[in-house]
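Subject: Handover of a structure and notes on its features

Dear colleague,

Please find below the structure that I am handing over to you. I should be grateful if you would read the notes that come after it with the model open.

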Amino acid sequence: MPSAPVASRPLRSRSAAALAAVALLVALAVVTGARSAGSTAPLPDMAADELLASVTEALADQPPISGEIAGVVELGLPDEALGGRHAPASAWSGDQRLRVWKSGDGLRVAHLSETSERAFITDGERAWTWDSRTLEATRYDVPTRAGGRGPDPLDGSSRGLTSGDPVGMAGRALAAVDDSTKVSVRGSATVAGRDAYRLLIEPRTDETLIDRVEIDVDAEERLPLRSAIYARDAAEPSIEAAFTSISFDPIEPGTFTFTPPPGAEVREAPDGGRLHGDAPAEPGVGASARRTPEAPPGDVNAGPERVRMIGQSWTTVIAVRQDAPPAASGSQGEVDRPEMAAGLEGFLPFNGPLFSARAEQVDDQRWLLIGAVEQGTLERSARALR
């Protein structure tokens, strides 16, 4: 394996953030008070298919939901890879505290720390990211979604910011339920003072690092109050988000607009100011890097050459082609793209609770492979890239 290029600490920190974002996407896509859930009085029996259908219907209606969220993200990334505990990338790890507003009119998520706030705001036509620590605001145009209603304008980095939303986590997990998945109802819980059914989503294969996804569903509103992803043989979740307070009252549409405060540095987003989201013409990691429906397990998709998907369902591996780093004068958006995770090669191969990552040379091309699988599966996937 060729020696890893020397990366500056800012580049390495940004690369770690990109890798963490991809890791979260993988964990959510393949299925794709944080500990306030507890036992409660038994609820009336509910069949799994009935509960699943009612949750899907409730989510499709896009009702107003707002509240405080506590969570935890433990992906096993070392502090050195994140650029230190106080680096921006460290926000991908540890305890999380968020405030969320979402409805058919838009989405607003604020990631809160002791001294600052990072936020994502969209009304479905325009989107903003805001960092109170640096006083930077970035404006995006939101592409029209291919199918489905309501805004979902997130690219890889923005999904990292909003991945702590239990409703969004649950929605992606439920949308991925297929024959490779076992769904059951396993008791009840109390979340944010509300009674909930506990819905379990479990893989039917032992080739994934993921043991199960737990979704605590409000017994009355049928909306997710808590979502958690467990690694194999783990007593505590690696990713968890739960409402500590929640309201289903209407939300003023003005909540989803943003005006940069005086003194803020306002920037237009790169790539023409468009978030990648679900727009089919925009290649990237996640929804827009799709395997063709006809592709059998183990085949490389015929989609964008920069990002390929190998395998299926819980054992999906994402392969990201590693391009040469841009010049120092390149845009911030270029540096933040997932392919720039090459600066982390000194930490590869990586084995975490929910995902593994490694770099492989295939012919004359370098690839980053990442998936909720063990290293052996990544190695076999690399051979499929030839």
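The notes below begin with the chain as a whole and then turn to particular strands, a helix and some side chains.

Please bear in mind that this is a predicted model. Its chain contains seven helices and 17 strands. Of the 386 residues in the chain, 53% are buried. The exposed area of the chain is about 17000 Å², and 48% of that area is supplied by carbon and sulfur atoms.

**Strand 17 and its partners**

Strand 17 covers residues 365-371. Six of its seven residues are buried, so the strand is largely enclosed by the rest of the structure. Two pairings of strand 17 may be described here. With strand 14 (residues 317-321), strand 17 forms an antiparallel pairing over five bridges; within strand 17, L368 is the residue that stands opposite V320. With strand 16 (residues 356-362), strand 17 is joined by seven bridges, and these two strands also run antiparallel. Here R358 has L369 of strand 17 as its bridge partner. Strands 16 and 17 form a hairpin, with two residues between them. In the turn of this hairpin, D363 has a positive phi of about 60°.

**Helix 7**

Helix 7 spans residues 375-383, and its buried residues are Q375, T377, L378, S381 and A382. Viewed down the helix axis, these residues fall within an arc of 160°, so they line one face of helix 7. Which strands help to cover the buried residues of helix 7? The cover includes strand 13 (307-310), strand 14, strand 15 (350-351), strand 16 and strand 17. Strands 14, 16 and 17 thus appear both in the pairings described above and in the cover of this helix.

**Strand 5 and the aromatic cluster**

Strand 5 comprises residues 126-131, and R126 belongs to it. With a relative accessibility of 39%, R126 counts as partly exposed. Leaving aside residues up to four places away in sequence, R126 touches I121, R139, Y140, D141 and V142. The C-alpha atoms of R126 and V142 are separated by 5.6 Å, although these two residues are 16 residues apart along the chain.

The count of aromatic pairs comes to three. One of them is the tilted pair of W128 and F258, with 5.4 Å from centre to centre and 55° between the planes. W128 lies in strand 5, whereas F258 lies in the loop between strand 11 (239-247) and strand 12 (265-268), so this pair ties together parts that are 130 residues apart in sequence. W128 has a relative accessibility of 14% and counts as buried; F258 is likewise buried, at 14%.

F258 also forms a tilted pair with W130, at 5.9 Å from centre to centre and with 40° between the planes. Since W130 lies in strand 5 and F258 in the loop between strand 11 and strand 12, the pair ties together parts that are 128 residues apart in sequence. Both W130 and F258 are buried. Ring pairs thus link W128, W130 and F258 into a cluster.

**A charge over a ring**

Finally, R212 lies over the face of Y230, at 3.7 Å from the ring centre.

With kind regards

Note on methods: Residues numbered from 1 in each chain as written. Predicted model: local features only at pLDDT ≥ 70, side-chain atom pairs only at ≥ 80, totals over all residues. Heavy atoms only, no water. Buried < 20%, exposed > 50% of the residue type's maximum accessible area, 1.4 Å probe, protein only. Helix = DSSP H or I, 4+ residues; strand = E, 2+ residues; numbered from the N terminus. Pairing = 2+ DSSP bridges. Arc of directions from axis to C-beta. Contact = heavy atoms within 4.5 Å. Areas by Shrake-Rupley, 256 points an atom, 1.4 Å probe, with all protein chains shown as cover. Phe/Tyr/Trp six-rings, centres within 6.5 Å; stacked < 30°, edge-to-face > 60°. Lys NZ or Arg CZ within 6 Å of the ring centre and 35° of its normal.
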